[in-house]
Amino acid sequence: MLHKIKLENFQSHENTEIEFVDGVNTITGTSDHGKSAIVRAVRLVKENRPEASAYMSHWAVNEKGSPTKRTGSSLVVKEEDGTLDEISRFRKHNENEYWINNQCFTGFGRNTPTDVKEKVNLSDINFQKQEDSFFLLNATSGDIMKKINEYVDLSLI
């Protein structure tokens, strides 16, 4: 379960931490204050796309556009036993790194390391985008059942 997000030199967030409560959490606020950047940061860790340099803050690059500070985000997830694991993805000097607690993963290309995917454990159902219609409210009953079957194997019933 997602417990906390940490952003470092990520778009409008120089150093931001957001802690979540159990259940449903909503990010609200006025326009152009970094709400979408928070969702992008979570997706960056989850999907490893696009490159973090696309989200570097203006204060994290020099006049030539080269990074001077690392940019990225961390997700703190709570395991079933209550332990917390921190999963981070950073970019500096054209190098991507994933970290799970103190273990570094490099050389993974454009894919997310398997260990990271398993720890993050988020799917697209966990995200409601700004322009999306309300989840399943405008869908037909057949479409609703297809969607539910994506997340729960109804063939077992």
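**Exercise 1. The nonpolar core**

Task: Find which residues have the most contacts inside the largest nonpolar core of this predicted model, and which elements supply it.

Solution:
- Start with the core itself: the largest one holds 19 residues, and I5, I87 and V120 have the most contacts inside it.
- Next, look at the elements behind this core: β1 (2–10), α1, β3, β5 (95–100) and α2 (114–120) each give at least two residues to it.
- Now ask which element gives the largest share: that is α1, with 6 residues.
- Finally, take I87 and list its contacts, leaving out residues up to four places away in sequence. I87 touches V45, S73, S74, L75, V77, W99, I100, V116, K119 and V120.

**Exercise 2. Helix α1**

Task: Check whether the length of helix α1 agrees or disagrees with the span expected from its residues, then see which of its residues are buried.

Solution:
- Helix α1 covers residues 35–47, which makes 13 residues.
- The expected span is 1.5 Å times one less than the number of residues. For α1 this gives 18 Å.
- Compare that with the model: the end C-alpha atoms of α1 are 19 Å apart, which agrees.
- For burial, the cut-off is under 20% relative accessible area. The buried residues of α1 are A37, I38, A41, V42, R43, L44, V45 and K46.
- Then step past the end of the helix: N48 follows α1, and its phi is positive, near 60°.

**Exercise 3. Salt bridges between parts of the chain**

Task: Count the salt bridges, and work out which parts of the chain the pairs of E17, K6 and K119 tie together.

Solution:
- Begin with the count: there are 4 salt bridges in the structure.
- Take E17 first. Its side chain meets that of K4 in a salt bridge, at 3.5 Å from N to O. Because E17 lies in strand β2 and K4 in strand β1, this pair ties together parts that are 13 residues apart in sequence. K4 counts as buried, since its relative accessibility is 18%.
- Move on to K6, whose partner is E86; the closest N and O atoms of this salt bridge are 3.2 Å apart. The pair links distant parts of the chain, with K6 in strand β1 and E86 in strand β4 (residues 84–92), 80 residues apart. K6 counts as partly exposed at 23% relative accessibility, and E86 also counts as partly exposed, at 26%.
- Now K119: it forms a salt bridge with E79, where the closest N and O atoms are 3.5 Å apart. K119 is in helix α2 and E79 in the loop between β3 and β4, so parts that are 40 residues apart in sequence are tied together. With a relative accessible area of 29%, K119 is partly exposed; E79 counts as partly exposed at 26% relative accessibility.
- To finish, widen the view around K119: a network of salt bridges links E79, D85 and K119.

**Exercise 4. The surroundings of H3**

Task: Decide whether H3 is buried or exposed, and list what H3 touches.

Solution:
- Place the residue: H3 belongs to strand β1.
- Apply the accessibility value: the relative accessible area of H3 is 13%, so H3 is buried.
- List the contacts, again not counting residues up to four places away in sequence: H3 touches I18, E19, F20, V76, V77, K78 and L84.
- Compare sequence with space: H3 and D85 are 82 residues apart in sequence, while their C-alpha atoms are 9.4 Å apart.

**Exercise 5. Positive phi at N9 and D32**

Task: Say where N9 and D32 lie, and whether N9 and D32 are buried or exposed.

Solution:
- Recall the background: most residues other than glycine have a negative phi.
- N9 is not a glycine, yet its phi is positive, about 50°. N9 is part of strand β1 and is buried, with a relative accessible area of 6%.
- D32 has a positive phi too, near 65°. D32 sits in the loop between β2 and α1 and is exposed, its relative accessible area being 79%.

**Exercise 6. Confidence**

Task: Locate the strands where confidence is lowest and highest.

Solution:
- For the whole protein chain, the mean pLDDT is 77, and 73% of the residues reach 70 or more.
- Confidence is lowest in strand β3 (residues 71–78), with a mean of 78, and highest in strand β2 (residues 13–19), at 87.

Technical notes:
Residues are numbered from 1 along each chain as its sequence is written. Side-chain values use heavy atoms; hydrogens and water are left out. Helices (H or I, at least four residues) and strands (E, at least two) are DSSP runs, numbered from the N terminus. Buried means under 20% relative accessible area, exposed over 50%, partly exposed in between (1.4 Å probe, protein chains only). pLDDT is the predictor's confidence in each residue, from 0 to 100. A nonpolar core is a set of buried Ala, Val, Leu, Ile, Met, Phe, Trp, Tyr and Cys residues joined through side-chain atoms within 4.5 Å. Contact means heavy atoms within 4.5 Å.
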